[in-house]
Amino acid sequence: MKPPPFDYHRAQTQDEAVNTLMNHGSDVRVMAGGQSLMAMLNMRLTQPKILLDISGIPELNYQTESSNYLSFGAGVTQAQALNNARVVNEVPLLGQALPYVGHMQTRNRGTICGSICHADPSSEIPLVLATLGGEIVVRSETGQRIIPIQDFQIGLMTSARRPDELVVSARFPVARPEQRFSFTEIARRHGDFAIVAIASCCDGKTTRIGVGGVADTPAVREWPRLEPDQIDDALNELAWDLGGYDDIHASARYRRELIRKLGRDQIERIQNDQD
Ligand SMILES: Cc1cc2nc3c(=O)[nH]c(=O)nc-3n(C[C@H](O)[C@H](O)[C@H](O)COP(=O)(O)OP(=O)(O)OC[C@H]3O[C@@H](n4cnc5c(N)ncnc54)[C@H](O)[C@@H]3O)c2cc1C
């Protein structure tokens with residue numbers, strides 16, 4: 001299939017993009033890397049009147065550190081982030097997760113913010129942001145607002161962004177020295193979306209885990225540091241709480257088992273590393 005006709009608008013500046021959104025709102029679809037959007041257009045899952053291409057806006061292509069965050073402008077591709085040494089050192093969970101996101105070819109165009117806006121429950125990047133408790137910055141003609149990630153991804157491929165708003169950046173909290181992280185996923189083939197993805201973070205006092213691929217949005221739980229004899233019970237309760245679902249790739253039962261097994265491996269490893 002091919003998309004129905006649309007007008008193509010390539011914005012040169014952030015102001016121009018925001019102005020187009022204000023004037024045309026829900027008739028517009030923003031395109032960043034196009035790696036998910038092009039497929040949706042071809043399948044006619046979305047039929048915008050205007051395609052607003054933001055990939056050529058220089059002021060959206062930045063990776064900057066500010067107080068406690070590493071911020072990625074909406075133009076930053078997943079490949080640019082992966083090649084940034086600061087990501088590996090300062091947001092190691094993102095550094096661990098990025099190689100699982102699609103393939104080198106898709107990462108060359110796909111953006112960090114585009115993946116978050118797309119809000120696929122199996123996506124690695126929104127899972128990392130949710131596990132770390134990051135934020136999204138959106139801009140409209142009336143100003144800027146900062147949305148905690150748990151309030152941004154509100155359902156299956158649904159975000160809290162208003163039609164007149166542009167996501168301008170995503171803020172990933174910088175790791176503290178006492179924190180340890182781990183990311184793993186099981187997918188049918190490398191580069192496929194995860195059947196289950198697990199991201200973990202321990203700081204000596206708390207154990208935090210994020211699960212993707214099981215619910216409509218990434219599910220994050222935090223406990224006071226789990227002792228070895230508490231890990232299985234905590235993960236079992238989490239697995240049953242989330243439930244999982246059956247599809248052509250895996251059963252709900254298999255998904256629950258992955259939460260228990262991958263979760264335990266990660267928590268034991270990073271907590272041992274801390275001791
Ligand atoms: C073969 C293949 C394999 C893939 N495998 C994976 C995988 O394993 N894991 C994974 O997570 N993803 C995977 N993807 C998807 C890929 O990571 C995309 O890059 C990502 O989902 C979307 O990023 P994008 O920049 O291409 O966004 P686009 O496709 O341009 O946009 C996606 C959505 O976000 C909206 N949007 C984008 N940017 C903004 C913005 N700044 N403000 C407001 N709305 C915005 C668009 O309107 C659209 O609705 C795969 C894609 C392909 C083609």
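**Exercise 1. Work out whether Arg-44 is buried, partly exposed or exposed, and place Arg-44 in the fold.**

Step 1: Arg-44 has a relative accessible area of 38%. Buried means under 20% relative accessible area, exposed over 50%, and partly exposed in between (1.4 Å probe, protein chains only). Arg-44 is therefore partly exposed.

Step 2: Look up the location. Arg-44 sits in the loop between α2 (37-42) and β3 (50-53). Helices (H or I, at least four residues) and strands (E, at least two) are DSSP runs, numbered from the N terminus.

Step 3: Check the backbone. Phi of Arg-44 is near 60°, a positive value in a residue other than glycine.

A word on the model: it is predicted, so local features need pLDDT of at least 70, side-chain atom pairs count only at pLDDT 80 or more, and totals for chains, interfaces and linings use all residues. Residues are numbered from 1 along each chain as its sequence is written, and side-chain values use heavy atoms, with hydrogens and water left out.

**Exercise 2. Do the same for Met-157.**

Step 1: Met-157 comes out at 40% relative accessibility, so Met-157 is partly exposed.

Step 2: The loop between β8 (153-155) and β9 (158-159) holds Met-157.

Step 3: Met-157 isn't a glycine, yet its phi is positive, about 50°.

**Exercise 3. Find what Tyr-8 touches, and which side chain Tyr-8 has a polar contact with.**

Step 1: Start in strand β1 (residues 7-10), where Tyr-8 is found. Tyr-8 is partly exposed, at a relative accessible area of 47%.

Step 2: Skip the neighbours within four places in sequence, and Tyr-8 is in contact with Met-31, Leu-51 and Asp-53. Contact means heavy atoms within 4.5 Å.

Step 3: Now the polar contact: the side chains of Tyr-8 and Asp-53 are joined by one of 2.4 Å. The term covers a pair of N or O atoms within 3.5 Å; within protein, one must be able to donate a hydrogen and the other to accept it, and residues adjacent in sequence count only if both atoms are side-chain atoms.

**Exercise 4. Describe the surroundings of Arg-139.**

Step 1: Arg-139 belongs to strand β6 (residues 135-140). With 19% relative accessibility, Arg-139 counts as buried.

Step 2: Leave out residues up to four places away in sequence, and the residues Arg-139 touches include Gln-14, Val-18, Gln-144 and Asp-164.

Step 3: Asp-15 is on the contact list of Arg-139 too, and the two side chains make a polar contact of 3.1 Å.

**Exercise 5. Say how many residues of helix α8 are buried, and what follows.**

Step 1: Helix α8 runs over residues 124-132. Among its buried residues are Glu-124, Pro-126 and Thr-131.

Step 2: Nine of the nine are buried, so α8 is largely enclosed by the rest of the structure.

Step 3: Just past α8, Gly-133 has a positive phi of about 75°.

**Exercise 6. Judge how compact the whole protein is.**

Step 1: Count the elements: 11 helices and 14 strands.

Step 2: The radius of gyration is 19 Å, close to the 19 Å from the globule rule for 275 residues, so the protein is as compact as a globular protein of that length. The radius is taken over C-alpha atoms, and the rule is 2.2 Å times the number of residues to the power 0.38.

Step 3: Add the burial figure: 52% of the 275 residues count as buried.
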